[in-house]
Amino acid sequence: CPKRSPATTSRPGRVPPCPAPPRCPRPCPASSSPAACSSFVLPSITVVTWNVGTAMPPNDVTSLLHLNTGETNDVDMIAIGLQEVNSKINKRLKDALFTDQWSELFMDVLSPFHFILVSTVRMQGVILLVFAKYYHLPFLQNIQTDCTRTGLGGYWGNKGGVSVRLSIFGHMVCFLNCHLPAHLEKAEQRKEDFATILHMQQFEGPVANGILDHDLVFWFGDLNFRIESLDICFVKYAIDSNVLSQLWEKDQLNIAKSTWPVLRGFQEGPLNFPPTFKFDVGTNKYDSSAKKRKPAWTDRILWKIKPPSKGLGTGGHRPSQGVLSVSQLCYCSHMEYTVSDHKPVAAIFAVQFPSKVDKPLVEIYVADEWSRPEQAVVRYKMAVGFHRSSWDWIGLYRVGFRHPKDYVSYVWARSDDGERCLEKQLCAQVMFSEEALPKGNGEYILGYYSNTSSSIAGVTEPFQISLPRSEEGSSSTDSSGSSSEEDDSTLVLLAPKSRSPSPGKMKRHRSRSPSLAKFQGLILRPSSRDRGTSRSPSPQSRCSLPRNIPTIHLPQEELGHHEVKSKELGQAAESPDGSSFYQTVQEQSGLRRVSADSSLARADPRSLGLLPALRLEMIDQALGRRRDSADQGHYPCRRTSPTSPPGCGPSPKEGRSP
């Protein structure tokens, strides 16, 4: 089945035609039955679980994700479940504003392999991340998340479960990451908590409202099941002698699978790796503390296939459809990671889906290369039944982008004849402005973002952009450098106040989680690539900050007026090295003023990445414009952006340009 929308070749300067896309079903062997022929094999899905024990991320996770191996080329999706991520108050405040370091690390590592963050959900220290290859994004729809707290009787989220459910090629799949109660004697409590999670988590839509209603469920996490009856000496002897099978029959989860009705149908591969808990941090030695906890397989990965409906034909399924099947290719722990008292566990699955969806909701047609601005024409065709929105947009992404909001540029998918094109199955057309196009040479991808489903509904193959670099960047840099030398000026950062085409509707994401930052680059601290000597979650980055950064100055009379308030706001939080983390900002007359002695004043405004429409103005200019606007009874609206917050401005249906 097609992985990517076709990129139609055309001569430079001409708009590519809009042909009917070719269908590419997998060839059927001569001996295949119709049911077998209709099946589609997704090469593999990797599932990882790791109780990180509040530790900082390691420098390298390539072996954990099975990267740089032959297996990686066949992996199409990766689900990562973390438990006990540092969730102290100061960390939660930072993670609520910025992407947490663990998520940053996995995005940095996976993006060069063309994995895109599809969805993420967090409940205190429990995090779930789902990645997929970019060309599968149009076939991943109906994405929703949920979470259930079970700690302290359901009031605390240190224990519980988080889930991401989605439709993969038309089949409903749910990833469930759980952290269940600890200790040997709490087996019944674990059973009750798991039943509570299954009962409480409900999703919207006509199908698969509960977790077990999905066609395929992956259940993983720190499930905290222990080894019964056997003493610690025998358990360690069995581990050292590599006779792990003698421990299997005393494993609480193995016992529960045959006795608990709630676990009926869940499958797990053989435990051919040593117990993953509990180790002395920094070593591969089991617990040597006074408690001397017994080793156990607390970190597990299971799956369940929904049984076929009865009365639909031979074998319980429709003859025209294939059978959903799962094969576990790998199930192992990774002893090389020692930052936690748990070892991470990974499993690789080959999943065979009955083929239901083989065509994207939106097909995008574009020339093979944009060498002139007038070639930046995009044609797209929407499938019958596609729920089009006036807030849909087409993003231009650099190859290796990290998530759907990580675009270089965008254009509104607001063709005047959009409804007519949808009705008559014609191609609509939009064009990128010259100012929105990146300069220089590079490979890019176009993606149609559906605001209704909050997902990418169509992508292109990579194509080339080769535009001459403008010389305006050097002159603007020189002018900004000269203006920074004046002591009586202030740079004012004015964020757009217009409505957003992607307002971040939470009806599909009901969990209270910071998940991914709403703004593409909202970072008021050095990014993971520019932290210098500070600890970076990205193993590739070890560079220092540039020295020639312009300084933002305040007039001296303004500094005395706001001195007391600046100190109070500036002490909001501390970074690990003791420096002030949050910046000192005062709001006066609608302007945002930055204190001259704050770290924000010494940062390069261009690296803040507040929003796509960042404006730098003198105070007098900004106040003058606001006074003029106030005299007329209104304030000027800013340019809209797919990640900007709601604000003033006309409805998109009025045809106003973004």
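1. Overall build. Of the chain's 658 residues, 51% count as buried. This is a predicted model. The secondary structure comes to 13 helices and 24 strands. Long-range contacts are a marked feature: among contacts between residues at least 6 apart in sequence, 72% join residues at least 24 apart. The chain exposes about 30000 Å². Carbon and sulfur atoms supply 52% of that area.

2. The five-strand sheet. Five strands form an open sheet in the order E5-E6-E7-E8-E9. The pairing is mixed. E5 and E9 (299-305) are the edge strands, and each pairs on one side only. From one strand to the next, the twist averages 15°.

3. Inside that sheet. Strand E7 (residues 171-179) and strand E8 (residues 216-222) run parallel. Seven bridges join E7 to E8. One residue pair to look up here is Asn-177, whose bridge partner in E8 is Phe-220. Helix H4 (residues 187-200) packs on the sheet. H4 touches E5, E6, E7 and E8, and its direction makes about 140° with that of E5.

4. The link from E7 to H4. Lys-186 lies in the loop between E7 and H4. Is Lys-186 buried, partly exposed or exposed? Lys-186 counts as partly exposed, because its relative accessibility is 35%, and the partly exposed class runs between 20% and 50%. Asn-224 is 38 residues away from Lys-186 along the chain. The C-alpha atoms of the two are separated by 9.0 Å.

5. A nonpolar surface patch. Which residues form the nonpolar patch on the surface? They are Leu-152, Tyr-155 and Trp-156. Together they have about 450 Å² of accessible area. Leu-152 sits in the loop between strand E5 (140-151) and strand E6 (156-168). Leu-152 has 69% relative accessibility, so this residue counts as exposed; the cut-off for exposed is over 50%.

6. The three-strand sheet. A second topic is the open sheet of three strands, in the order E12-E14-E17. Its pairing is antiparallel. The edge strands are E12 and E17 (428-431), each pairing on one side only. Neighbouring strands of this sheet are turned by 25° against each other on average, direction ignored.

7. Strand E12 in detail. E12 (residues 362-365) sends Val-362 and Ile-364 one way. Glu-363 and Tyr-365 point the other way. All four residues are buried. E12 pairs with strand E14 (residues 377-382) in the antiparallel sense, over four bridges. Glu-363 has Lys-381 as its bridge partner in E14. Tyr-365 stands opposite Arg-379 in E14.

8. Salt bridge Arg-402 to Asp-108. The structure holds six salt bridges. In one of them, the side chains of Arg-402 and Asp-108 meet at 2.3 Å, N to O. This pair links distant parts of the chain, 294 residues apart. Arg-402 is in the loop between strand E15 (393-398) and strand E16 (409-412), while Asp-108 is in helix H3 (residues 101-110). Why do both ends count as buried? Arg-402 is buried because its relative accessible area is 16%, and Asp-108 is buried because its value is 5%. Buried means under 20%.

9. Salt bridge Asp-251 to Arg-300. The side chains of Asp-251 and Arg-300 meet in a salt bridge of 2.9 Å, N to O. They are 49 residues apart and link distant parts of the chain. Asp-251 is in the loop between helix H6 (245-248) and helix H7 (252-259). Arg-300 belongs to strand E9, an edge strand of the five-strand sheet. Both Asp-251 and Arg-300 are buried.

10. A partly exposed salt bridge, and a network. Arg-372 forms a salt bridge with Glu-374. The closest N and O atoms are 2.7 Å apart. Arg-372 has a relative accessible area of 36%, so Arg-372 is partly exposed. Glu-374 also counts as partly exposed, because its relative accessibility is 43%. Which residues are joined into one network by salt bridges that share partners? They are Asp-251, Lys-257, Glu-268 and Arg-300.

Note on methods:
Residues numbered from 1 in each chain as written. Predicted model: local features only at pLDDT ≥ 70, side-chain atom pairs only at ≥ 80, totals over all residues. Heavy atoms only, no water. Patch = residues over 30% accessible without salt bridge, like charges linked within 9 Å, V, L, I, M, F, W, Y side chains within 5 Å. Areas by Shrake-Rupley, 256 points an atom, 1.4 Å probe, with all protein chains shown as cover. Salt bridge = Lys/Arg side-chain N within 4 Å of Asp/Glu carboxyl O. Helix = DSSP H or I, 4+ residues; strand = E, 2+ residues; numbered from the N terminus. Buried < 20%, exposed > 50% of the residue type's maximum accessible area, 1.4 Å probe, protein only. Pairing = 2+ DSSP bridges. Contact = heavy atoms within 4.5 Å. Axes fitted to C-alpha atoms, helices over the stretch in contact; angles between N-to-C directions.
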